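Visitor: Can you walk me through this one? I'll throw short questions at you.

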Protein chains: 2
Amino acid sequence: MDRITIRDVAAAAGVSRQTVSRVLNEKPDVAPETRQRVQDVIERLEYRPSSIARSLTQGRSYTLGVVSYGVQYFGPSHTLVGIEHQASELGYTLLLSLIRQPQTSSVHLLHDMLAYHVDGILWAASEIGNNRDWTEKEICQLTVPVVFLDMQSCPNLSVVNVDNRLGGYIATRHLLDQGYRHIGLIAGPLDWWSARQRKLGWQEALHEAGLVAEDGLVVEGTWSAASGQRGLRHLLEQHPEIEAVFACNDQMALGAMKEASKSGRRIPDDLAIVGFDDVPEAAFFCPSLSTVRQDLNELGRTAVRELDRMIQAAHQGEPAGEPKAILLEPQLLVRESSAVRKAGPL
Amino acid sequence: MDRITIRDVAAAAGVSRQTVSRVLNEKPDVAPETRQRVQDVIERLEYRPSSIARSLTQGRSYTLGVVSYGVQYFGPSHTLVGIEHQASELGYTLLLSLIRQPQTSSVHLLHDMLAYHVDGILWAASEIGNNRDWTEKEICQLTVPVVFLDMQSCPNLSVVNVDNRLGGYIATRHLLDQGYRHIGLIAGPLDWWSARQRKLGWQEALHEAGLVAEDGLVVEGTWSAASGQRGLRHLLEQHPEIEAVFACNDQMALGAMKEASKSGRRIPDDLAIVGFDDVPEAAFFCPSLSTVRQDLNELGRTAVRELDRMIQAAHQGEPAGEPKAILLEPQLLVRESSAVRKAGPL
DNA sequence: GTGAAAGCGCTAACAC
DNA sequence: GTGTTAGCGCTTTCAC
């Protein structure tokens with residue numbers, strides 16, 4: 001069963017292919033009756049124009065490349081949904097590539113996407129280790145705009161981020177405001193840029209309160225609940241005086257809650273906990289988990305809008321404009337796990 | 001900055017475009033030295049062949065369309081990862097479309113993908129309500145193969161599923177084996193085919209044990225933890241004698257655990273709970289949650305392999321073969337929430 | 001208003 | 001071994 005082409009339509013309508021093309025693209029200079037006739041034939045034949053043939057002639061594919069990592073987890077999957085929805089609203093289709101080894105540079109994915117003539121690229125895989133070192137050499141000689149998510153901003157690149165540092169700050173600041181002074185940190189893997197940022201926020205809040213952010217108060221996790229559990233155990237062994245913990249995601253917070261209950265500590269009375277992400281389950285943990293919410297859907301949407309802007313500009317021969325660094329504000333959600341400490345002396 | 005084409009390479013190497021093409025496609029009949037010279041030029045010019053131009057001439061795009069829904073949730077995101085990895089291993093790139101309104105038929109997405117000349121389509125959006133009614137009329141007249149995931153099998157369609165019914169059965173059977181007799185069901189939304197299947201499994205197990213699967217023992221949730229909490233409350237109000245509950249996903253199980261603890265019931269002593277999915281957090285709930293694990297990664301991979309098989313067949317002019325219905329077996333994980341009931345009379 | 005010719009970047013089929 | 005011709009399905013340019 002062969003594809004129906006513009007030829008078939010032209011023949012059936014008794015016009016030239018150009019005229020059909022004009023009707024398809026809603027261009028003027030087609031007699032109303034001709035237009036109608038062509039449209040009827042299109043319907044009857046169920047003709048659908050080939051997007052890739054179009055891409056070839058127009059030099060635009062209305063396609064965006066997305067490179068992501070860890071889509072099975074909360075953050076990346078929510079970001080991806082935001083990306084897709086905004087993209088489809090703007091008339092783009094997505095080409096998806098998932099990275100398996102986040103440590104390596106994966107430049108080749110970029111070229112793969114270019115082979116499909118994408119109009120732009122969203123690099124949504126997190127910055128881990130030095131997996132971004134390639135950007136300097138590659139990006140400048142690219143033919144299409146690229147927007148990065150979740151990576152350190154850089155003078156030549158367009159980047160969209162949630163303000164992880166602010167998130168770490170408000171989480172810690174909240175615990176300080178509740179009267180806690182000995183606040184531990186269960187960090188994410190510190191080769192992740194975002195994890196380092198959250199840690200910085202924690203440090204900043206402690207310093208601001210005149211406290212010392214000792215290394216002993218920090219334990220590095222892997223984002224997993226198991227690592228959160230181990231982390232808290234380790235922390236409490238070393239520093240039994242710890243009264244509160246900021247866990248850098250909700251899974252690690254859950255693991256910490258498990259460990260707390262194992263060690264006979266009640267939350268929040270003996271140990272307050274704040275997480276990060278606001279996974280849907282967080283409100284149903286026992287007790288419910290205070291956490292920092294980031295609007296990842298909006299993160300994805302913003303990135304697409306920015307990319308679209310760059311594409312439009314480039315397409316009109318405009319001077320691209322300065323690369324932007326966009327930062328979204330996270331938001332604190334207070335629940336039971338960090339409720340204000342009961343009155344009375346320690 | 002213009003794209004480097006096969007012409008540029010041909011000119012620079014002093015050969016015809018055809019020879020360059022032969023080198024690119026590793027065809028024989030090129031003199032070793034010519035081949036080397038061409039390859040050198042390719043490297044020097046950093047030439048990358050255009051995949052879409054190739055698609056046009058070859059009638060193959062090495063591209064698969066994926067239509068999914070709810071990618072921000074556990075199941076669909078894990079399936080997507082499986083799909084992507086298997087696809088990329090087989091040399092395919094993915095075109096991704098996410099549905100917003102699962103109730104509506106979304107046939108147009110199918111045509112959108114065809115416009116991009118995809119070699120095949122994976123319909124990974126769940127069957128909900130009658131959002132599959134279009135398949136009968138559309139599929140037969142399609143030019144490319146389609147594989148469906150998570151939907152009722154149908155004589156003319158290729159379908160890959162986890163055996164949800166079996167999953168419901170083994171969860172319930174496990175509770176029966178533990179000595180529980182009054183077993184409630186917190187079902188998923190019953191317009192979802194998969195939710196109905198899990199319910200069927202529950203019924204089957206009860207019947208087999210000579211028990212009646214009364215309607216009063218069933219409450220319909222929305223997959224959310226909140227609905228699980230409400231569900232259990234409702235169930236216990238109506239049937240205080242309930243000793244165990246099968247919640248059709250882990251989130252609802254979590255909500256039920258919350259409600260149990262609110263109402264002063266201990267798990268598993270006063271109420272046993274089994275979930276479905278095995279989200280990574282399940283092992284860290286308090287108590288840890290018994291659940292049914294489905295290998296969603298493998299689900300996605302299997303679907304891609306099947307689709308690839310169909311594509312290959314069609315491409316060699318073979319008679320497509322019978323549409324297959326593939327079923328994967330889920331697996332019971334016993335944890336604390338359904339531990340064997342303490343000895344002693346009821 | 002409409003059509004003919006040329007071309008997007010590549011490969012299949014056939015020459016030589 | 002290598003080059004020429006034609007064509008994938010569409011749009012652009014320029015005739016008429």
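Guide: Start in a loop of chain B. Pro287(B) sits between strand 9 (272-274) and strand 10 (291-293) of chain B. Helices (H or I, at least four residues) and strands (E, at least two) are DSSP runs, numbered from the N terminus.

Visitor: What kind of peptide bond joins Cys286(B) and Pro287(B)?

Guide: A cis bond, with omega about -5°. In chain A, the bond from Cys286(A) to Pro287(A) is cis, with omega near -5°. Pro287(A) is in the loop between strand 9 (272-274) and strand 10 (291-293) of chain A.

Visitor: What am I looking at, and how is it labelled?

Guide: This is a predicted model: local features need pLDDT of at least 70, side-chain atom pairs count only at pLDDT 80 or more, and totals for chains, interfaces and linings use all residues. Residues are numbered from 1 along each chain as its sequence is written, while chains are lettered from A and ligands numbered from 1 in the order in which they are written.

Visitor: Which domains does chain A have?

Guide: The assignment gives domain 1 (6-49), domain 2 (63-162 + 296-328) and domain 3 (164-294). Those bounds come from an automatic or database domain assignment. The C-alpha centres of domain 1 and domain 2 of chain A are 37 Å apart.

Visitor: Switching to DNA. How many residues surround strand D?

Guide: 25 residues. The closest are Thr5(A), Ile6(A), Ser21(A), Thr57(A) and Ala31(B). A residue is near a molecule or strand if its C-beta atom, placed from the backbone, lies within 6 Å of it.

Visitor: Which elements give two or more residues there?

Guide: Helix 2 (17-24) and helix 4 (51-58) of chain A, together with helix 2 (17-24) and helix 4 (51-58) of chain B. Helix 4 of chain A gives the most, with 5 residues.

Visitor: How does that surface divide by class?

Guide: Into 9 nonpolar, 12 polar and 4 charged. Ala, Val, Leu, Ile, Met, Phe, Trp, Tyr, Cys and Pro count as nonpolar, Asp, Glu, Lys and Arg as charged, and the others, Gly among them, as polar.

Visitor: And DNA strand C, which residues are closest?

Guide: Ser16(A), Thr5(B), Ile6(B), Ser21(B) and Ala53(B), out of 25 surrounding residues. Helix 2 and helix 4 of chain A and helix 2 and helix 4 of chain B each supply at least two residues of that surface. Helix 4 of chain B gives the most, with 5 residues. By class, there are 9 nonpolar, 12 polar and 4 charged residues.

Visitor: Now the protein chains. How many residues does each give to the contact?

Guide: Chain A gives 42 and chain B gives 41. Contact means C-beta atoms, placed from the backbone, within 7 Å. On the chain A side, helix 4, helix 5 (74-89), strand 2, helix 6 (107-115) and helix 11 (250-262) give two or more residues. Helix 5 of chain A gives the most, with 6 residues. The chain A side divides into 20 nonpolar, 15 polar and 7 charged.

Visitor: How do the two copies of strand 2 run, parallel or antiparallel?

Guide: Antiparallel, with 3 bridges joining strand 2 (residues 93-99) of chain A to strand 2 of chain B. Two strands pair if DSSP finds at least two bridges between them. Leu95(A) has Leu95(B) as its bridge partner. Leu96(A) has Leu94(B).

Visitor: What about strand 1 of chain B?

Guide: Strand 1 (residues 63-69) of chain B pairs with strand 2 of chain B in the parallel sense, over 7 bridges. Val66(B) is partnered with Leu96(B). Between the two strands the chain passes through helix 5 (residues 74-89) of chain B, a right-handed β-α-β crossover. Right-handed means that, with the strands pointing away from the viewer, the path from the first strand over the helix to the second runs clockwise.

Visitor: Is strand 2 of chain B buried or exposed?

Guide: Mostly covered: 7 of its 7 residues are buried. Buried means 20 or more other C-beta atoms within 10 Å of its own, exposed 12 or fewer, and partly exposed in between, with C-beta atoms placed from the backbone. Thr93(B), Leu95(B), Ser97(B) and Ile99(B) point one way, and Leu94(B), Leu96(B) and Leu98(B) the other.

Visitor: Backbone oddities next. What is the phi of Asp29(A)?

Guide: Positive, about 65°, although Asp29(A) is not a glycine. Asp29(A) is in the loop between helix 2 and helix 3 (32-45) of chain A. Asp29(A) is exposed, with 6 other C-beta atoms within 10 Å.

Visitor: And where is Glu46(B)?

Guide: In the loop between helix 3 (32-45) and helix 4 of chain B. Glu46(B) has a positive phi of about 55° and is not a glycine. Glu46(B) counts as exposed, with 9 C-beta neighbours inside 10 Å.

Technical notes. Two residues are in contact if their C-beta atoms, placed from the backbone, lie within 7 Å.
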